[in-house]
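User: Could you take a close look at the salt bridges in this structure for me? I'd love a connected walk through them and their surroundings, with the cut-offs spelled out.

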Amino acid sequence: MSSTAITLKQLVDQGDVSSHQGRLVLGILLFQDLAALPFLVVLGGWELGAGPEPLGALRQIGIAAIALGVAAFVCQPVFRTWLSWVARTNSADLFLLTVLLLALGTAFAGHLAGLSATIGAFLAGMVVGESDFRHQVEDDIRPFRDVLLGLFFVTVGMEVNPSTVPVAPMAVLVWMIACLAGKALVMILVGAIMHWPAPVGARAALILAHGGEAGLLLLTQAMRVGAIEPSVGQPALLALAATMALGPMLIQGSARFAELVVGASHRVKADAEEAAIREESQDLTDHVILCGCGRVGRPVSLVLEAANAPYIAVESDLIRFRRAKKSGHKVVFGDAGRKRVLEAAGVARAGIVVVTFDRRHAVERILHYAREHNPTVSSIVSAADDQEIVPLARAGASIVFPENVAAGLALADQVLLVCGFSQDSAANIVTTVRAELHPELRGHVGR
C-alpha cells in the first residue's frame, strides 16, 4: 500500500493531480485505503500467540459487513439529523464536541461489537463523509488529525528496532527491493492489461512504488498480535519507512523514468506529434498559441475564430482534443509543457501565448520556454483564483486572469446593467473595482 498523504501532496505540488496518471493513481490509492479494512478486521480478531482462526476471522468480517450496512442505512440518517440539530444552535464548540463524541462513540461501539476501535472510527468517517457537514467536520478535526498523525508515527517509530539494520542489513535491502521493484512491476503489468498509454503506466508505477501509513499500521498490528515474527516484521517495517522517505523523490522522477522505460517507441510517437504540430503552424506568424482547449480554452478559440485571428490550440487530454477537433477548432494533440511542442507550435514567431489551465509547474515551464525562444512574446494565464496572481506574475506572465475574479466581476457587470446603468458606466465601475482589488499588480491583472 502506498501513502495517500505523500502522493497527493506531491502531485498537487507538481500540478499532476488532474493528469491521466494522476487520476489513475488517486483511484488506486482510494482502493488501497478500502482494501486495508478487511486486514484490520482479521488482525483485530487474532489472538496473541494462538495463530490464525479461520472461523474467527470469518466471524469478524461478517460483523464488520453488518456494521457497514447498519452505518450506511441506519446510522446515516440518524447522524445527519443529529448534526443538523447541533448546527442550528450556531455553537462551534458544541459542534466540535459532537463530532469528537461521534468518533469516540463509534470506536467504542465497534469495540463492544468485537471489532477494533479503528474499524469503528472508519465507519464514523464514512457516515459523516456522506453528510452535508463533511467539509465543516474536516476543518474542525484537522488540528486533532495532525496531532494524532504525529503520535501515530511516534508509536510506529517506537516499534522499530534500529539494531535490525546492522544485524540484518540484507533483509532490509531485500524488503526495499521487493517493495519498490515489485510494486512498480505489478503496476506496469496492470497498465499493459488495462491498455494504459505506456508513459502513463510507467509514471503510475513509480508514483505508487513507495510504502504507506496503512502498511506501517498493518505491520505493527501484526507483530503486536503475533501474526508476524519480529525477525520478519522489523526489517519489513524499516524498509517500508525507508521507501516512504524516498516517495517524494520517486514521484518527482516519474516523468524521467517513463522516458527511460518507454524509450525509442515513445520518442518516435512524440516526433510524429511534433511533426503534425509543425505542419499546422508552419504558415502562422504573430499568432496566438492556446495552451489547453478545454472548458476555458474552447470559448477563447471561438472568439479568436470569430475575429479571424490566427491561432493554434495545443491540448494534451485525448477526450478534450477529440471534442475540440469535432467542433472544428484548430487544435493539435500534444503537451504544451514540453519545450519541443512549443517550438513546433511556432513560439519563436508567436505574438501571444495563452495558458488556460492551472497546473502551476506546467504553467511556469511554458512561460520559461516561451521567454527563452521569444523574449518579446506576451503571455496571458488563466488562474484558478487571485492567490496565484503574484507567483505567476513573478514567473513572467504578462497578464494573469483569475477565474474567480473574472466570474464575480462579470456577474457584477450584469447586475449593474439590470439595475439600469448604461453599458459604459457599468464597464467603468467594474474596471475601477478590478484595479482596486490588486493595486500592487496594476498591469498584471486581466481586465
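Analyst: Happy to help; what follows starts with the ground rules, turns to the salt bridges, and then visits their surroundings.

This is a predicted model, in which local features need pLDDT of at least 70 and side-chain atom pairs count only at pLDDT 80 or more, while totals for chains, interfaces and linings use all residues. Residues are numbered from 1 along each chain as its sequence is written, and side-chain values use heavy atoms, with hydrogens and water left out.

First, the setting. The protein chain comes to 20 helices and 6 strands; helices (H or I, at least four residues) and strands (E, at least two) are DSSP runs, numbered from the N terminus. Of its 447 residues, 39% count as buried. Buried means under 20% relative accessible area, exposed means over 50%, and partly exposed is in between, with a 1.4 Å probe and protein chains only. The accessible surface of the protein chain is about 23,900 Å², and 66% of that belongs to carbon and sulfur atoms; such areas come from the Shrake-Rupley method with a 1.4 Å probe, and for residues only the protein chains shown count as cover. Among contacts (heavy atoms within 4.5 Å) between residues at least 6 apart in sequence, 69% join residues at least 24 apart.

Now to your request. Side chains of opposite charge can pair when their charged atoms come close. The rule used here asks for a side-chain nitrogen of Lys or Arg within 4 Å of a carboxyl oxygen of Asp or Glu, and a search of the whole structure finds 3 such salt bridges.

Let's begin with arginine 23 and aspartate 317, whose side chains meet at 3.6 Å, N to O. Arginine 23 sits in helix α2 (residues 20-44) and aspartate 317 in the loop between β2 (311-315) and α15, so this salt bridge ties together parts that are 294 residues apart in sequence. The two partners differ in burial: aspartate 317 counts as buried at 15% relative accessibility, whereas arginine 23, at 44%, is partly exposed.

The next salt bridge joins glutamate 315 and arginine 320, with 3.4 Å from N to O. Glutamate 315 is buried, with a relative accessible area of 3%, while arginine 320 is partly exposed at 31%.

That leaves glutamate 372 and lysine 339, where the closest N and O atoms are 3.4 Å apart. Glutamate 372 belongs to helix α17 (residues 360-373) and lysine 339 to helix α16, so the pair ties together parts that are 33 residues apart in sequence. Here both ends are partly exposed, glutamate 372 at 43% and lysine 339 at 33%.

Helix α15 also brings us to an aromatic pair. Rings of Phe, Tyr and Trp (its six-membered ring) pair if their centres lie within 6.5 Å; planes under 30 degrees apart count as stacked, over 60 as edge-to-face and the rest as tilted. By this rule the count is 1 aromatic pair. The rings of phenylalanine 321 and phenylalanine 333 have centres 5.5 Å apart and planes at 65°, so they are edge-to-face. Phenylalanine 321 lies in helix α15 (residues 318-326) and phenylalanine 333 in strand β3 (residues 331-333), 12 residues apart. Phenylalanine 321 is buried at 16%, and phenylalanine 333 is partly exposed at 26%.

Helix α16 leads on to glycine 346, which lies in the loop between α16 (339-344) and β4 (352-355). With 2% relative accessibility, glycine 346 counts as buried. Setting aside neighbours within four places in sequence, glycine 346 is in contact with Ser281, His287 and Ile289. From glycine 346 to isoleucine 289 the C-alpha to C-alpha distance is 8.2 Å, across 57 residues of sequence.

Serine 301 offers another buried spot, at 0% relative accessibility, and its place is in helix α14 (residues 297-306). Its side chain and that of histidine 329 are joined by a polar contact of 3.3 Å. A polar contact is a pair of N or O atoms within 3.5 Å; within protein, one must be able to donate a hydrogen and the other to accept it, and residues adjacent in sequence count only if both atoms are side-chain atoms. Beyond neighbours within four places in sequence, serine 301 is in contact with Leu290, Cys293, Tyr311 and His329.

Finally, a word on the cysteines. Cysteine 293 is buried at 0%, and cysteine 179 is buried at 12%. The structure holds 0 disulfides, a disulfide being a pair of cysteine sulfur atoms within 2.5 Å.
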